[in-house]
Amino acid sequence: PTFPAQVDRARVEAVSRQARDETRDPSYWREFCQLPSSQKLSRETQSKNADALNGLCGCASGDVAFFSSFLRKSPALSILVTLDLGHHSLWSKITDASLLIVAAHCPALASLNVKSKAITDIAIKALARPALTSLNIGLCEQVTDTGLEAIATNCPGLIFLKTMFCERITDTSMMAIARNCPSLARLNLGGCHGLTSATLTAVGTHLSALQDLRVLFLSNAMTDAVLECIAAGCPQLSHLDIGQCKQITDRSLDAVVANCSIKELDIANTRVTHEKYRAYWSSYTGYFVKNVKDLAHFMADY
């Protein structure tokens, strides 16, 4: 279901008791996106939808009263599976208090996307339950090892994790994630400068199901030896972003190509030679080397 449909359902609830009961059918409320992306709706439409839902609840989107009121009005949200609060207009509004209400009312929540500088370990710990399989807390800069260790302990079925630019996270929690979440298939650690090669080595050692790894800007942590470990331990790896990892050379890239199932590769600003770029581009028809400047140059020669 889309966001406008949810607004309409909330309006229908006020018409009659029968209408309320019908709109609370659990199948309608498995997914909730508080505000859609600008690619789906114009800003004017987004604003109208937000105003409509806010009017029903008597409060502003994103604040504590919104969650409390809306969840109380729609108890079927107790079976909510997907919650997307990642829209940029909410970044300054989502707080621990908001997510604590979500944690209390949505026990089946499996997927959460939230970006807010106000979110701390308090909210992450409350949401760390076995049902959770997908967590995007990129840019939640106050989250620390305490929150991620709760995820590692309580979410063994985790499949997707994005902690991009959560710079307070260290090897302590991420190594616990690697050890305790063997089903992890997609991992984005870009810009997590508190991590070292120990975390990335643990990824190669424990996460054999990994398919998508993004470690943009982790130049100090990602070395040839570490990438060779990942290549050996993650044969299903198909998407790899090692952009700005300036210690990476042809040696470890050869190991990735030989051992993994790479379909998309970002090697921008590494020490991989132009000759290697050219060899991979001309030899692998299914390859996508995501380095626009160099790729344009080599395509002109090809």
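Within the largest nonpolar core, which has 71 residues, Leu187 and Met222 touch the most other members. Such a core is a set of buried Ala, Val, Leu, Ile, Met, Phe, Trp, Tyr and Cys residues joined through side-chain atoms within 4.5 Å, with buried meaning under 20% relative accessible area (1.4 Å probe, protein chains only). The model is predicted: local features need pLDDT of at least 70, side-chain atom pairs count only at pLDDT 80 or more, and totals for chains, interfaces and linings use all residues. Residues are numbered from 1 along each chain as its sequence is written, and side-chain values use heavy atoms, leaving out hydrogens and water.

Leaving aside residues up to four places away in sequence, Leu187 touches Leu161, Met174, Val203, Leu207, Leu210, Asp212, Leu213 and Arg214; contact here means heavy atoms within 4.5 Å.

Leu187 also helps to line the second largest pocket, together with Ser134, Asn136, Phe160, Lys162, Arg186, Asn188, Asp212 and Arg214. A pocket is an open set of points on a 1 Å grid over the protein atoms alone, where a 1.4 Å probe fits, with protein on both sides within 12 Å along at least five of seven lines; lining residues have an atom within 4 Å of a point. About 170 Å³ of space lies in this pocket, the volume being the space filled by probe spheres set on the points. Strands β4 (134-136), β5 (160-162), β6 (186-188) and β7 (212-214) each supply at least two lining residues, and β6 gives the largest share, three residues. Strands are DSSP runs (E, at least two residues), numbered from the N terminus.

Notes:
Helix = DSSP H or I, 4+ residues; strand = E, 2+ residues; numbered from the N terminus. Buried < 20%, exposed > 50% of the residue type's maximum accessible area, 1.4 Å probe, protein only.
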